[in-house]
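Trainee: I have a model open and want to learn how to read it. Can we take it feature by feature?

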Amino acid sequence: MHAIQPKHTKLKPEEVKKLLEKYNISISQLPKVRADDPALPQGSMPGEVIKIDRLEDEKIVPYFRIVVP
């Protein structure tokens, strides 16, 4: 991981369920990230949801992406 790369974390299935319920969306409505993206955690597989913690205005803001082939 690069020093300025935001933290990427795989979500557990129960965390994904809570996320989808919170925003009242389906998993297909999440933005996508390619499985070969070098920023992804080691061993990320298509269908997994990744949380990306970005620093904006001195606050950490979470973004979510689903891994696609």
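Trainee: Is Y63 buried, partly exposed or exposed?

Mentor: Buried means under 20% relative accessible area, exposed over 50%, and partly exposed in between (1.4 Å probe, protein chains only). Y63 has 24% relative accessibility, so it counts as partly exposed. This is a predicted model: local features need pLDDT of at least 70, side-chain atom pairs count only at pLDDT 80 or more, and totals for chains, interfaces and linings use all residues. Residues are numbered from 1 along each chain as its sequence is written, and side-chain values use heavy atoms, with hydrogens and water left out.

Trainee: Where is Y63 found, and which residues does Y63 touch?

Mentor: Strands (E, at least two residues) are DSSP runs, numbered from the N terminus. Y63 belongs to strand β4, residues 59-68. Contact means heavy atoms within 4.5 Å. Setting aside residues up to four places away in sequence, Y63 touches I50, K51, I52, R54 and E56.

Trainee: What do R54 and E56 do there?

Mentor: A charge sits over a ring if NZ of Lys or CZ of Arg is within 6 Å of the ring centre and within 35 degrees of the ring normal. The charged end of R54 sits over the Y63 ring, 4.2 Å from its centre. A polar contact is a pair of N or O atoms within 3.5 Å; within protein, one must be able to donate a hydrogen and the other to accept it, and residues adjacent in sequence count only if both atoms are side-chain atoms. The side chains of Y63 and E56 make one at 2.6 Å.

Trainee: In what order do the strands form the sheet?

Mentor: Strands of a sheet pair through backbone hydrogen bonds, either parallel or antiparallel. Two strands pair if DSSP finds at least two bridges between them. Here four strands form an open sheet, ordered β1-β3-β4-β2, with mixed pairing. β1 (7-10) and β2 (32-34) stand at the edges with a single partner strand each, so one side of each has no neighbour in the sheet. β2 and β4 pair in the parallel sense over three bridges. R34 stands opposite V68 in β4.

Trainee: Now a loop residue. Is S44 buried or exposed?

Mentor: S44 lies in the loop between β2 and β3 (49-56). With 11% relative accessibility, S44 counts as buried. Its side chain reaches the backbone oxygen of P41 at 2.7 Å. Beyond its neighbours within four places in sequence, S44 is in contact with K10, I50 and V67.
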